[in-house]
Amino acid sequence: MNAPVRPPAPPRLAELVFRLLPFADAASADLPLPRLMRLALFQVSVGMAMVLLNGTLNRVMVVELGTPTWLVALLIAVPLLAAPFRALIGHKSDTHRSVLGWRRVPYIWFGTMMQFGGLAIMPFALLLLNVPDRFTLGLVAAAAAFLLTGTGFHVTQTAGLALATDLAPEDKRPRAVALLYVMLLVGMMFAAFVIGGFLADYTATKLVQVIQGCAVLTVILNVAALWKQEARNPAATAPDRDTPDFRQLWQAFIRSGRNARLLTAIGIGAAGFAMQDALLEPYGGEILGLSVGATTGLTGAWALGSLLGFMLSGRALARGWDPLRLAGAGLVIGINAFLIVLFAGPFASPAMLYIGSLGIGIGLGLFSVGTLMEAMSLAKNESAGLALGAWGAVQATCAGLGIAVGGLLRDGVALLLQSDAPTASIAMRATGYGTVYILEIALLLAGLAAIGPLVSYQRQGAGDTDDTPAKPFGLMEFPT
């Protein structure tokens with residue numbers, strides 16, 4: 001007799017996760033998926049801090065607290081003072097000397113403590129900005145809080161991504177770190193919608209509760225992420241071992257003129273995308289009359305767009321797209337997205353503003369991944385980490401400058417041209433915002449012009465199959 005044919009077994013939960021979760025095949029026997037997902041919790045805390053600093057708080061300070069936009073932009077740009085040192089932070093964690101045998105744990109822990117400290121004092125500092133007699137004290141405290149928080153998540157993220165590269169096998173390493181970046185965007189989306197829900201009806205008490213709740217949650221998430229991840233290895237951190245010199249590695253990297261041009265194009269594009277960071281939510285609140293919760297949703301739409309851009313990049317690169325052409329496509333999408341945002345005010349359309357935010361995220365995702373993959377093609381020797389660190393440092397630094405310039409320009413144009421009277425037309429009240437959006441479009445066009453000559457550049461050793469973009473997509477290191 002023939003044995004009865006059994007129906008196929010339903011897929012197990014782990015198999016479903018592998019099918020649905022981007023880059024879930026990054027798991028391995030040495031780094032199983034549950035452990036990798038637990039490590040990714042530090043990215044959730046970083047995403048939460050980014051939503052607070054770049055999204056919720058700038059709208060609250062501008063609209064609810066009446067803080068000048070230029071001052072808000074400068075405060076948001078303060079954390080990016082630490083961005084140029086990301087390459088150095090990564091180098092220091094690589095060469096950390098300690099009798100305890102840990103290289104990454106000390107940097108992640110102290111970064112966590114800086115995040116916690118900055119968020120703990122931040123709400124009280126912001127509320128002092130609304131008290132004329134305490135404005136100077138509030139400004140100094142707010143700048144310190146933003147600097148602590150920003151430095152903390154830069155240090156935490158740099159060392160955390162380095163720890164992921166240590167733990168993952170070499171063939172799984174790019175996809176493991178790519179999965180961590182996906183979790184950063186997921187964390188940003190959830191944080192944006194949850195914080196927006198709590199602050200739908202804004203009060204000063206709720207602001208304190210939300211920010212300090214985020215401070216406590218940061219410690220919980222990062223401790224859970226770090227617990228028993230890095231094994232002690234005293235030989236790897238021996239104080240008497242020889243370590244490479246950072247200055248020699250940097251000089252070897254910048255000796256190439258093409259590298260300098262690539263970094264210039266990255267900086268122009270990053271500034272073009274970032275100038276709206278301090279303006280998008282105030283634009284929605286002041287021009288379209290959206291609530292705090294509704295404008296925080298704009299950050300969620302931006303994060304969703306970035307996630308979509310990241311996934312589209314993976315599919316395009318797997319099909320053989322040139323990374324710089326992909327970055328150029330991101331710039332084109334960004335130009336159209338800023339046009340939609342620009343016309344959202346005259347049309348009084350919140351839907352257009354959300355669509356524009358989503359488009360900005362998609363364009364930034366394509367541009368960031370494309371330029372990073374190009375930087376990865378330079379990472380063939382001992383300066384590999386430095387090349388990727390330079391990518392992150394240039395992008396974050398130029399983004400910070402763009403945020404500051406955007407806020408200053410908006411207030412400067414408002415002072416010269418527009419009227420703040422309640423009877424003024426929407427066009428008059430939106431003049432400052434519109435000027436910044438037009439400048440961003442011009443910068444993205446300049447970024448296209450800078451990338452153009454690099455696209456036709458023929459890399460040396462192009463016949464090396466390891467250098468083709470069609471290999472399995474992943475990121476060796478993906479800084480913010």
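A nonpolar patch sits on the surface of this predicted model. Its accessible area is about 850 Å² together. Inside the protein, the count comes to 2 cavities of 30 Å³ or more. The largest has a volume of about 610 Å³.

**Surface patch**

- The nonpolar patch is formed by Trp 109, Phe 110, Met 113, Phe 116, Val 216, Leu 217, Ile 220, Val 223 and Trp 227.
- Two helices, H6 (105-128) and H9, each supply at least two of the patch residues.
- Leu 217, one of the patch residues, lies in helix H9.
- Is Leu 217 buried, partly exposed or exposed? Its relative accessible area is 37%, so Leu 217 counts as partly exposed. The partly exposed class runs between 20% and 50%.

**Largest cavity**

- The volume of the largest cavity is about 610 Å³.
- Its lining holds 35 residues. Closest to the centre are Met 50, Asn 54, Asp 277, Trp 302 and Leu 364.
- Which elements give two or more residues to this lining? They are helices H3 (41-64), H7 (135-167), H8 (173-198), H11 (257-274), H12 (280-286), H13 (292-318), H15 (350-376) and H16 (384-416).
- By class, the lining of the largest cavity divides into 23 nonpolar, 10 polar and 2 charged residues.

**Second largest cavity**

- The second largest cavity holds about 30 Å³ of space.
- Leu 39, Phe 42, Ile 108, Gly 160, Leu 163, Asn 222, Ala 225 and Leu 226 line it.
- Helices H7 and H9 (204-226) are the elements that give two or more residues to this lining.
- Which element gives the largest share of the lining of the second largest cavity? Helix H9 does, with 3 residues.
- The lining has 6 nonpolar and 2 polar residues, with no charged residues.
- Helix H9 thus appears in two settings: it supplies residues to the nonpolar patch and to the lining of the second largest cavity.
- Helix H7 contributes to the linings of both the largest cavity and the second largest cavity.

**A buried loop residue**

- Ala 168 is found in the loop between H7 and H8. Both of these helices give residues to the lining of the largest cavity.
- Why does Ala 168 count as buried? Its relative accessibility is 3%, and buried means under 20%.
- Pro 32 is 136 residues away from Ala 168 along the chain. The C-alpha atoms of the two residues are separated by 9.4 Å.

Terms used. Residues numbered from 1 in each chain as written. Predicted model: local features only at pLDDT ≥ 70, side-chain atom pairs only at ≥ 80, totals over all residues. Heavy atoms only, no water. 1 Å grid on protein atoms, 1.4 Å probe; cavity = no way out; pocket = protein on both sides within 12 Å on 5 of 7 lines; lining within 4 Å. Points joined across faces, edges and corners; volume = space filled by probe spheres on them. Helix = DSSP H or I, 4+ residues; strand = E, 2+ residues; numbered from the N terminus. Nonpolar A, V, L, I, M, F, W, Y, C, P; charged D, E, K, R; others polar. Buried < 20%, exposed > 50% of the residue type's maximum accessible area, 1.4 Å probe, protein only. Patch = residues over 30% accessible without salt bridge, like charges linked within 9 Å, V, L, I, M, F, W, Y side chains within 5 Å. Areas by Shrake-Rupley, 256 points an atom, 1.4 Å probe, with all protein chains shown as cover. Salt bridge = Lys/Arg side-chain N within 4 Å of Asp/Glu carboxyl O.
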